[in-house]
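Please look over the structure shown here and read the report that accompanies it. The text is meant for someone meeting this structure for the first time.

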Amino acid sequence: MTTEARATAGVDVAELLGLFPHGTRLADDGVLVVGGCRLDDVAAAYGTPTYVVAEDALRRQARRLREGLAARWPRSRVLFASKSLPARAVYHLMHDEGLGIDVAGGGELLLALDAGVPGSAIVQHGNAKTDDEIRRAAQAGVGTVVVDGEGEIGRLEQLGRDGQPVLLRVQPGVDPGTYAGVSTGQRGSKFGVPIEDAPRLLNRLANSSRLDLRGIHLHLGSQMFGLDPYRKAIDVVSALGEFDVYDVGGGLAVRYTFDEHPPSIEEWLDVVTEAARQGLPSGAELWVEPGRACVAESTVTLYRIVTIKHGSPTFVAVDGGIADNFEASTYIGTRFQATIATRVGGDELVDVVGRQCESGDRIAAGVRLQDPVIGDLVAVPVTGAYTHTLANNYNGALRAPVVFCRDGVMTPVVRRDTDADLLARELAFP
Ligand code: LLP
């Protein structure tokens, strides 16, 4: 194919690089360099599949969120929704960058505390907090507990710490316009309390002798492209009275593929703070708790091609799949881009599939690669959010390591599972 034809049919390399972590470049021989580390060096050192996190890009995004919100609403906090990438190194980094930490289970609390995050910087979520989790949060001195339902109030009063600051999570009844599986702020959601119950429960919390009601929480959904739902939801909760704190959740979409154009972080913060200025008390604190927008773009998953089946479509099968990227299967594999890490771009239309036994195990469908051959490294960008956290051992897969790259230095922060890990939980034969 001529260069000219390649330009029209092939991938726009600059656009492709735009999906990679900030600071990603090509080495002189064309190999992708993430966080200053050549991806072929990362694969040689840690194998594949591996989550490669560009540490500077992650820090930059955390700062962009925190400074962006503070510039628009000084009494504010950005909480990192840690379910999106719960690794100790990430908790440590987010705390270091001045973000609070949202945990949604005893395990996330454990990781956060073990990473050195003080309890006071932690916000505890969960629609089904166990007694044990409530006790552990109290012991850790968790800064804020988000009350998710009426039944939790009595248990918190009994098992929580005296004077525990709390928010009440409400369902604003607003459609976030995203996938049903990640919509949470609508009526009928299992999260939060219906808006019409809120006045009664707020009253109960305000009169509690053990709990300190600070304000309202809402979270509408995830991978949201529209900003209007935030406006509407803030308007809805503004009618509930005046409080010290309003946490409007996370949910901002990120760009996974070329045809997606989500709002920028700045546009999101503009809308949220404008809506807050319209409806909320000017002295109130405004909190947001992004996960995906905080971490997705920081990470590239690195695979090796195991086999190729030529046909229509041509399947390029790599050594990972659902076990390291559950998102690709839950969203029918249409959301990711991919490239050969040592020959970026190209024009050969293929489906990059995984090796797990599900037809939905398609990592990147309809992507263009440059002359893929067995043994090539494949890099899939925008894989920081909801990948490592949803990793599993399907088909006996060994879960992938997480490697931080910064200024050319690789630091493994989570190791790969071993065969011994797989066998470790297996007990006697009956
Ligand atoms: N706050 C709360 C209370 C949440 O439940 C979530 C996400 C967030 C904040 C952060 O949302 P984000 O900014 O990341 O959209 N596993 C699904 C995503 C589930 C999101 C769960 N909650 C996926 O793979 O797309």
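The report goes from the whole chain to its domains, then to the ligand, the core and some local features.

**The chain as a whole**

This is a predicted model, and its protein chain has 14 helices and 21 strands. The C-alpha atoms of the protein chain fill a box of roughly 70 × 60 × 40 Å, when the box is taken along the principal axes. A compact globule of 430 residues would have a radius of gyration near 22 Å, and the 23 Å of the protein chain agrees with that. Buried residues make up 50% of the 430 residues in the protein chain. Among the contacts with a separation of 6 or more, 68% are between residues that lie 24 or more positions apart.

**Two domains**

The protein chain is divided into domain 1, made of 3–55 + 296–424, and domain 2, which covers 56–294. The centres of domain 1 and domain 2, taken over C-alpha atoms, are separated by 31 Å. Where the domains meet, 27 residues of domain 1 are in contact with 22 residues of domain 2. On the side of domain 1 that touches domain 2, the elements that give two or more residues are strand 4 (50–54), strand 20 (402–406) and strand 21 (409–414), and the largest share, three residues, comes from strand 20. By class, this side of domain 1 has 13 nonpolar, nine polar and five charged residues.

**The ligand and its surroundings**

There are 21 residues around the ligand, and those that come nearest are Ala81, Ser222, Gly250, Gly291 and Tyr386. The shell around the ligand has seven nonpolar, nine polar and five charged residues. Because domain 1 and domain 2 both give residues to this shell, the ligand lies between them.

**The nonpolar core**

In soluble globular proteins, nonpolar side chains tend to be buried together. Here the largest nonpolar core has 132 residues, of which Ile101 and Val378 touch the most other members. Domain 1 and domain 2 each give at least three residues to this core. If residues up to four places away in sequence are left out, the residues that Ile101 touches include Leu79, Phe80, Tyr91, Met94, His95 and Ala112.

**Helices 5 and 6**

The table sets two helices side by side, with their buried residues and the glycine that follows each of them.

| Helix | Buried residues | Glycine that follows, with its phi |
|---|---|---|
| Helix 5 | Val90, Tyr91, Leu93, Met94, His95 | Gly98, positive, near 90 degrees |
| Helix 6 | Glu108, Leu109, Leu111, Ala112, Leu113 | Gly116, positive, near 95 degrees |

What covers the buried residues of helix 5 includes helix 4 (55–72), strand 5 (76–81), strand 6 and helix 6. For helix 6, what covers the buried residues includes helix 5 (88–96), strand 6 (100–103), strand 7 (122–124) and helix 7 (131–140). Tyr91, Met94 and His95, which are buried in helix 5, are among the residues that Ile101 touches, and so is Ala112, one of the buried residues of helix 6.

**A loop residue**

Arg415 lies in the loop between strand 21 and helix 14 (419–424). Is Arg415 buried or partly exposed? Arg415 is partly exposed, because 13 other C-beta atoms lie within 10 Å. Although Arg415 and Tyr46 are 369 residues apart along the chain, their C-alpha atoms are separated by 8.8 Å.

Note on methods
Residues are numbered from 1 along each chain as its sequence is written. This is a predicted model: local features need pLDDT of at least 70, side-chain atom pairs count only at pLDDT 80 or more; totals for chains, interfaces and linings use all residues. A residue is near a molecule or strand if its C-beta atom, placed from the backbone, lies within 6 Å of it. Ala, Val, Leu, Ile, Met, Phe, Trp, Tyr, Cys and Pro count as nonpolar, Asp, Glu, Lys and Arg as charged, and the others, Gly among them, as polar. Domain bounds come from an automatic or database domain assignment. A nonpolar core is a set of buried Ala, Val, Leu, Ile, Met, Phe, Trp, Tyr and Cys residues joined through C-beta atoms within 7 Å. A residue is buried if 20 or more other C-beta atoms lie within 10 Å of its own, exposed if 12 or fewer, and partly exposed in between; C-beta atoms are placed from the backbone. Two residues are in contact if their C-beta atoms, placed from the backbone, lie within 7 Å. Helices (H or I, at least four residues) and strands (E, at least two) are DSSP runs, numbered from the N terminus. The radius of gyration is taken over C-alpha atoms; the globule rule is 2.2 Å times the number of residues to the power 0.38.
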